[in-house]
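Visitor: I would like a close look at a single part of this structure, with its surroundings explained. Please keep it plain.

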Amino acid sequence: MTFRLALTAIALALSACAIPTTLTPQIAPADTSFASAQRIEVTLSNFAFDPQTISLRAGQPVVLVLTNTTGRAHNFAAPDFFAATQIAQSDAAVIADGQVEVAPGGSVELRLVPRAGAYDLECTHVGHSIRGMIGSIVVR
Ligand SMILES: [Cu+2]
């Protein structure tokens with residue numbers, strides 16, 4: 001019984017430690033060169049991401065440009081991707097809970113260094129993902 005309580009306490013402690021890494025993006029080193037980085041354009045529309053699969057190079061600085069071409073708000077929600085990615089200090093504030101809001105007709109630029117993996121992408125606005133606003137990010 002005491003052993004089980006101890007395990008529970010350890011599990012709680014570990015999950016508490018995990019919270020800051022998912023809520024706070026990792027900051028890219030200040031000397032990361034984004035000036036010559038490739039720009040990857042992603043369009044958010046009703047109700048799709050274009051391209052639906054975003055391909056990035058592991059460890060390569062990139063500028064991800066998210067553009068909302070519609071008259072309604074959308075977001076780019078990829079918590080696992082953002083938890084594994086380094087973000088330029090100047091862009092970190094636009095990421096909240098692993099997602100980035102893109103205002104109607106607006107555009108957001110994210111300077112980041114992705115880590116290898118395959119990550120889910122969706123728009124979490126009510127009813128959007130079920131209408132097709134899902135995608136993936138593949139980093140090789
Ligand atoms: Cu949406």
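Visitor: Which residues line the largest pocket?

Guide: The model is predicted. In it, the largest pocket is lined by Gln38, Ile40, Ser55, Leu56, Arg57, Gln60, Pro61, Val62 and Pro114. Two elements give two or more residues each to this lining, namely β2 (38-45) and β4 (53-56). Sorted by character, the lining residues comprise 5 nonpolar, 3 polar and 1 charged. The volume of the largest pocket comes to about 150 Å³.

The strand β2 leads from the lining into a sheet. Strand β2 is joined to strand β5 (residues 62-68) by 7 bridges, and the two run parallel. Along this pairing, Arg39 stands opposite Val63 in β5, and Leu44 has Asn68 in β5 as its bridge partner. Val62, one of the lining residues, falls within the range of β5, residues 62-68. Strand β5 is mostly covered, with 6 of its 7 residues buried.

Beyond β2, strand β5 is also joined to β9 (residues 107-113), here by 6 bridges and in antiparallel fashion. Val65 has Glu109 in β9 as its bridge partner. These pairings belong to an open sheet of 6 strands, ordered β1-β7-β9-β5-β2-β3, with mixed pairing. At its edges stand β1 (26-27) and β3 (48-50); each has a single partner strand, so one side of each is left without a neighbour in the sheet.

For the setting as a whole, the chain has 2 helices and 11 strands. Read along the sequence, their pattern is α-β-β-β-β-β-β-α-β-β-β-β-β. The chain has 140 residues, and 36% of them count as buried.

The other site to cover is the metal. The copper ion is coordinated by His74 through ND1, Cys123 through SG, His128 through ND1 and Met133 through SD, at 2.0 to 2.7 Å. The 4 donor atoms subtend angles of 87 to 138 degrees around the copper ion, and the arrangement is therefore irregular. The cut-off matters here: four donors count as tetrahedral if all angles lie between 85 and 135 degrees, and the upper end of the range found around the copper ion is 138 degrees.

Along the chain, the donors of the copper ion follow the spacing H-x48-C-x4-H-x4-M. His74 lies in strand β6 (residues 74-77), whereas Cys123 lies in the loop between β10 (117-122) and β11 (134-139), so this pair ties together parts that are 49 residues apart in sequence. Both of these donor residues are covered: His74 is buried, with a relative accessible area of 0%, and Cys123 is buried as well, at 1%.

One further residue can be placed relative to His74. Val100 and His74 are 26 residues apart in sequence, and their C-alpha atoms are 8.7 Å apart in space. Val100 belongs to strand β8 (residues 99-102) and counts as buried, at 0% relative accessibility.

Conventions: Residues numbered from 1 in each chain as written. Predicted model: local features only at pLDDT ≥ 70, side-chain atom pairs only at ≥ 80, totals over all residues. Heavy atoms only, no water. Donors = N, O, S within 2.8 Å, 3.2 Å for Na, K, Ca; no water. Tetrahedral: all angles 85-135°; square planar, octahedral: opposite > 155°, others 65-115°. Helix = DSSP H or I, 4+ residues; strand = E, 2+ residues; numbered from the N terminus. Buried < 20%, exposed > 50% of the residue type's maximum accessible area, 1.4 Å probe, protein only. 1 Å grid on protein atoms, 1.4 Å probe; cavity = no way out; pocket = protein on both sides within 12 Å on 5 of 7 lines; lining within 4 Å. Points joined across faces, edges and corners; volume = space filled by probe spheres on them. Nonpolar A, V, L, I, M, F, W, Y, C, P; charged D, E, K, R; others polar. Pairing = 2+ DSSP bridges.
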